[in-house]
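Here's a quick briefing to read with the model open beside you. Pull up the sequence and the 3D view, and let's walk through it topic by topic.

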Amino acid sequence: MRVRDNTVVTFSYYFLSSPEEDSKPEPSKIHKMEVLIGRDMLPRNIEIAVIGMEEGAETTLPIKLSPSSPPDQAIEFFPFSSLPEGIEPKKGMKVPVIQGNGSTEMILVDDVLPDGIIGKKITEADEEPRWIKIRIESVRWATLREFQEGRVISTTRHHHGHHYHVN
């Protein structure tokens, strides 16, 4: 069966630092998720990527992990004198800023003012590309109750192999 709207998909996933990475991580680093396609809160780019896939199929997608710095990281003012000569900053650009000790830091420009820029420092975690490897484990049609509630009804495997619903 193929993944499509209103199917319940169980998939395993783990994170990679490169799309070419082919080593499988230790089992504790592999996660599983069960979602109702088209109804659950699965990120849209992942949902689009798995549509049409069958059990056992795999895909690798780029993702943006939340930065290591707090989301309310201070936006700072940097005078034009702290930028290397010849740079014309524009909103959304990444530009180097010269620190007092002569080192440079990358800044994401939030706004350009008459006397400088406003931006926030870019951390290594913001710059490092991340990837997610997804494997479709199972695909089934949603039950009527799952369809009506718009979410997967959790199932737990009993130690004798039987399934029962947890409400």
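What follows is a short tour of a sheet, some rings, a cavity and a few single residues.

Keep in mind that this is a predicted model. The sheet to look at is an open one with four strands, in the order β2-β1-β8-β3 and with antiparallel pairing. Phe11, Tyr13 and Phe15 make up one aromatic cluster, and there's one cavity of 30 Å³ or more in the structure.

**The sheet**

- Start at the edges: β2 (31-36) and β3 (58-63) are the edge strands, each pairing on one side only.
- Going from one strand to the next, the twist averages 35°.
- Now for β1 and β8: residues 7-16 form β1 and residues 130-141 form β8, and these two strands pair in the antiparallel sense over ten bridges.
- To find your place along that pairing, look for Phe11, which stands opposite Ile136 in β8.

**The aromatic cluster**

- A pair of aromatic rings is described by two things, the distance of the centres and the angle of the planes.
- How many aromatic pairs are there? The count comes to two.
- One of them joins Phe11 and Tyr13, with 6.0 Å centre to centre and 50° between the planes, and it's tilted.
- The rings of Tyr13 and Phe15 have centres 5.9 Å apart and planes at 80°. Planes over 60 degrees apart count as edge-to-face, so that's what the Tyr13 and Phe15 pair is.
- Put together, Phe11, Tyr13 and Phe15 belong to one cluster.
- Is Tyr13 buried or exposed? Its relative accessibility is 15%, and buried means under 20%, so Tyr13 counts as buried.
- Phe11 is buried as well.
- Phe15 has a relative accessible area of 40%, so this residue goes down as partly exposed.

**A charge over a ring**

- Elsewhere, take a look at Arg39 and Phe147: the charged end of Arg39 sits over the ring of Phe147.
- The distance from that charged end to the centre of the Phe147 ring is 4.8 Å.

**The cavity**

- The largest cavity holds about 50 Å³ of space.
- Which residues line the largest cavity? They are Ser12, Tyr14, Lys24, Ile30, Glu58, Lys133, Ile134 and Arg135.
- β1 and β8 each supply at least two residues of that lining.
- β8 gives the most, with three residues.

**Asn6, ahead of β1**

- Asn6 lies in the segment before β1.
- Check the backbone here: phi of Asn6 is near 65°, a positive value in a residue other than glycine.
- With a relative accessible area of 25%, Asn6 is partly exposed.

**Phe78 and a contact across the chain**

- You'll find Phe78 in strand β4, which covers residues 76-79.
- Phe78 has a relative accessible area of 7%, so it's buried.
- Which residue has its C-alpha atom 5.6 Å from that of Phe78? It's Gly116, and the two are 38 residues apart along the chain.

Conventions: Residues are numbered from 1 along each chain as its sequence is written. This is a predicted model: local features need pLDDT of at least 70, side-chain atom pairs count only at pLDDT 80 or more; totals for chains, interfaces and linings use all residues. Side-chain values use heavy atoms; hydrogens and water are left out. Rings of Phe, Tyr and Trp (its six-membered ring) pair if their centres lie within 6.5 Å; planes under 30 degrees apart count as stacked, over 60 as edge-to-face and the rest as tilted. Buried means under 20% relative accessible area, exposed over 50%, partly exposed in between (1.4 Å probe, protein chains only). A charge sits over a ring if NZ of Lys or CZ of Arg is within 6 Å of the ring centre and within 35 degrees of the ring normal. Two strands pair if DSSP finds at least two bridges between them. Axes are lines fitted to C-alpha atoms, for helices over the stretch in contact, and angles run from 0 to 180 degrees between N-to-C directions. On a 1 Å grid over the protein atoms alone, a cavity is a set of points where a 1.4 Å probe fits but cannot get out, and a pocket is an open set with protein on both sides within 12 Å along at least five of seven lines; lining residues have an atom within 4 Å of a point. Grid points are joined across faces, edges and corners, and a volume is the space filled by probe spheres set on the points.
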